[in-house]
Amino acid sequence: MSDKSKTAKKGKVPLSPKRREQNRREFIRTSVLAAGVMGFSLLGFIPVVQGTSLRLRPPGALKEPLDEQKFLASCIKCGQCVQVCPVEAIKLADLDEGLGIGVPYIDARAQACDFSCDGLQCVLACPTGALTHELDYPADTRMGFARLDRPKKCLAIQGKGFKGQARGPDFTGILRYQEIDRWKPIPVADYPYDLELCDLCVRQCPIEIRIADCAKQDADQDRTNQALVAQRVGNECPPLHAIALEPIDNGDGVTRMQPVIKAGCVGCGVCEMICPPEPPAIVIDIDKTTDTVRG
Amino acid sequence: MSYFMESLAQLFGREPARPAPEEIAPEVQEIHRYKKKHKITLAELEAERQANREKGETSRWLKRRWAVLITVNLLFVVSYYFDVQLLEGALTASRFVGFHMADLNSALQVMLAFKHVVLNLIIGTVTVFVIWLLLGGRTFCSWVCPYHLLSEWGEKLHLWLLSKKVIKGYSFHRGVRTLFYVTFLVLTYATGYTIYEAISPTGILSRALIYGPGAALLWVGFLLLFEVFISRRAWCRYVCPIGMTYGMAGSLSPLRVVYSPDACLFGGDCRTVCLVPHVLDATIMGHARDTAVPIGADCTRCGMCVDICPASAMKFDIKGLSKVV
């Protein structure tokens, strides 16, 4: 009775058994499609949960040392940060990083961020605030924190100098050498060194270079320009040293020098990139920043 | 149901309903009656098709569309490669000579996952929304999306294999796209991760073109194989939330294809080439309600029906403009 009234109302013909079978099959097919696509998309959580998608991120990345959720959520995966970086330090992650696909990272050993754009171009380029606009100067960034990982490999600790190309002739990484060109970074391979004692990690540290620049500017200023010096804002001049060579005595009576990481280190990775031994003596920890290390 | 609601309901997966006789305008009923009585013969139809082909009109919009699609995607590549700041970024978000643009679906995901919106993203999203509102919404799909182009080539292969009876084509329920859409949005909000972005062939292809290929292309390749061997245009038809977002944006668009039953030969060619044939329901004899039927929101404005129609019954139209001009 109710069947009859329904058909009469809508003018619908009851489905033929063949049609019903087709609908049933379509329903099953569609369910499989839905489960397949959703299942594949949820696989993206695996690298994130396991922590294998953690990376050294560009300056200003919205993250805690071991929690990148906010950064992955806010990044729209467009790569505008990649495009503006003058040293091409920024790469985009691939499918193996799951939900981190298309998100920018830095492989410091291959090409570190040397802040040669000065103005944090990647931060300015970011359309979503995934690289937060709340920082203005390199000294404000918290990418990671350097650590002397293999002291025995360190040339300074061995009391050795360094002569030649820091990473050999085939290394493609570039750095800004201000005395060569203030605006154009050049290949590290084109800038051979001749050092009595290797101090590359200190010598090339962007924070240390900036501190030295500021000190020089201060010394050069005559009194009429003192007002300009006073106008410096925030961390335009890094307030703290990042790395220094300090003497140690290993008990063998010979005093040697070793690199010591200071509170001003932002984890840019230049020390890891420039360190001549393979693997490098100094590396960047991505799970620490100067804030977490110093409390 | 109003045209607008009907068009949205179809976008969400409802099958188009045949109109009751009283819903059909009297002059259209007259056209249907006349055309039923004076049925065109198969030979006459074939002659019309041949004439259309000879005029070289069967790929007019296709050529324009491919040219636009390739140009837009190349602009991104060229901008980065030669460092001219013309169109920086990728399809998910970019800057066109400095102006922010953000893909509506990517921006929606970021807003839901991040739960915080910066001004630049609002500017980019509103700009892109207005552009596609004016240009037709899913126009993005067929005129810009790089996956659409690959998928079109895959479709040709699929149809060839079908004609050779090498494969059997399968269809799915179109409503599943709405299910995907809602599920992705809810999951994105709940987990705080932009889940769809990780599997979006549009984003993956755009980035691969600009920043170089990666393993993610394997996923795109898999999708293409699925479309070639199992289901015609499956991703665009049954899954992609980007198409859904742009479809909604374009539901009010003044730019659309309009169907005139008066000129129609009822050969059904338009429905065989269409990515979303349900929007062409009105072209079935007796289904048109009016003398000019605007095609619904799910239409990608690709122009394939305009190209193939031997009788110029399908035409691009800008609402209100034809009256003014």
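## Exercises on a predicted two-chain model

**Exercise 1. A pair of strands in chain B**

Five bridges connect strand β4 (residues 255-259) of chain B with β6(B), and the two run antiparallel. The structure is a predicted model. Find the bridge partner of Leu255(B) in β6(B), then place both strands in their sheet.

Solution.
Step 1. Leu255(B) has Ile318(B) as its bridge partner in β6(B).
Step 2. The sheet is open, has three strands and follows the order β5-β4-β6 (chain B), with antiparallel pairing.
Step 3. Its edge strands are β5 (293-294) and β6 (314-318) of chain B, each of which pairs on one side only.

**Exercise 2. Another three-stranded sheet**

State the strand order of the sheet that holds β1, β2 and β3 of chain B, and find the partner of Phe96(B) in β3(B).

Solution.
Step 1. The order is β1-β2-β3 (chain B), in an open sheet with antiparallel pairing.
Step 2. At the edges are β1 (87-90) and β3 (99-102) of chain B, each paired on one side only.
Step 3. From one strand to the next, the twist averages 15°.
Step 4. Strand β2 (residues 93-96) of chain B pairs with β3(B) over four bridges, in the antiparallel sense.
Step 5. Within β3(B), Phe99(B) is the bridge partner of Phe96(B).

**Exercise 3. Two packed helices**

Describe how helix α5 (residues 104-114) of chain B and helix α6 (residues 119-135) of chain B cross, and list the residues that make the contact.

Solution.
Step 1. Two packed helices are described by the angle between their axes and the distance between the axes.
Step 2. Here the axes of α5(B) and α6(B) come within 10 Å and cross at roughly 145°.
Step 3. The crossing of α5(B) past α6(B) is left-handed.
Step 4. α5(B) contributes Leu104(B), Ala107(B) and Val110(B) to the contact, while α6(B) contributes Leu121(B), Gly124(B), Thr125(B), Val128(B) and Phe129(B).
Step 5. Sorted by class, this contact has six nonpolar, two polar and no charged residues.

**Exercise 4. Burial of a helix**

Is helix α11 (residues 201-211) of chain B mostly covered or mostly uncovered? Name its buried residues.

Solution.
Step 1. A residue counts as buried if 20 or more other C-beta atoms lie within 10 Å of its own.
Step 2. Eight of the eleven residues of α11(B) are buried, so by this cut-off the helix is mostly covered.
Step 3. The buried ones are Pro201(B), Thr202(B), Gly203(B), Ile204(B), Leu205(B), Ser206(B), Arg207(B) and Ile210(B).
Step 4. After α11(B) comes Gly212(B), with a positive phi near 105°.

**Exercise 5. The domains of chain B**

Give the bounds of the two domains of chain B and describe their contact.

Solution.
Step 1. The domain assignment gives domain 1 as 3-60 + 256-324 and domain 2 as 62-248.
Step 2. The C-alpha centres of domain 1 and domain 2 of chain B are 27 Å apart.
Step 3. Domain 1 of chain B puts 17 residues into the contact and domain 2 of chain B puts in 21 residues.
Step 4. On the domain 1 side, these residues are eight nonpolar, four polar and five charged.

**Exercise 6. The interface between the chains**

How many residues does each chain give to the contact between chain A and chain B, and which element of chain A gives the most?

Solution.
Step 1. Chain A gives 34 residues and chain B gives 45 residues.
Step 2. On the chain A side, the elements that supply two or more residues are α2 (17-43), α4 (69-74) and α5 (80-84) of chain A.
Step 3. α2(A) gives the most, with ten residues.
Step 4. By class, the chain A side has 16 nonpolar, twelve polar and six charged residues.

Terms used
Residues are numbered from 1 along each chain as its sequence is written. Chains are lettered from A and ligands numbered from 1 in the order in which they are written. This is a predicted model: local features need pLDDT of at least 70, side-chain atom pairs count only at pLDDT 80 or more; totals for chains, interfaces and linings use all residues. Two residues are in contact if their C-beta atoms, placed from the backbone, lie within 7 Å. Ala, Val, Leu, Ile, Met, Phe, Trp, Tyr, Cys and Pro count as nonpolar, Asp, Glu, Lys and Arg as charged, and the others, Gly among them, as polar. Axes are lines fitted to C-alpha atoms, for helices over the stretch in contact, and angles run from 0 to 180 degrees between N-to-C directions. A crossing is left-handed if the near helix is turned anticlockwise from the far one by less than a right angle, and right-handed if clockwise. Domain bounds come from an automatic or database domain assignment. Two strands pair if DSSP finds at least two bridges between them. A residue is buried if 20 or more other C-beta atoms lie within 10 Å of its own, exposed if 12 or fewer, and partly exposed in between; C-beta atoms are placed from the backbone.
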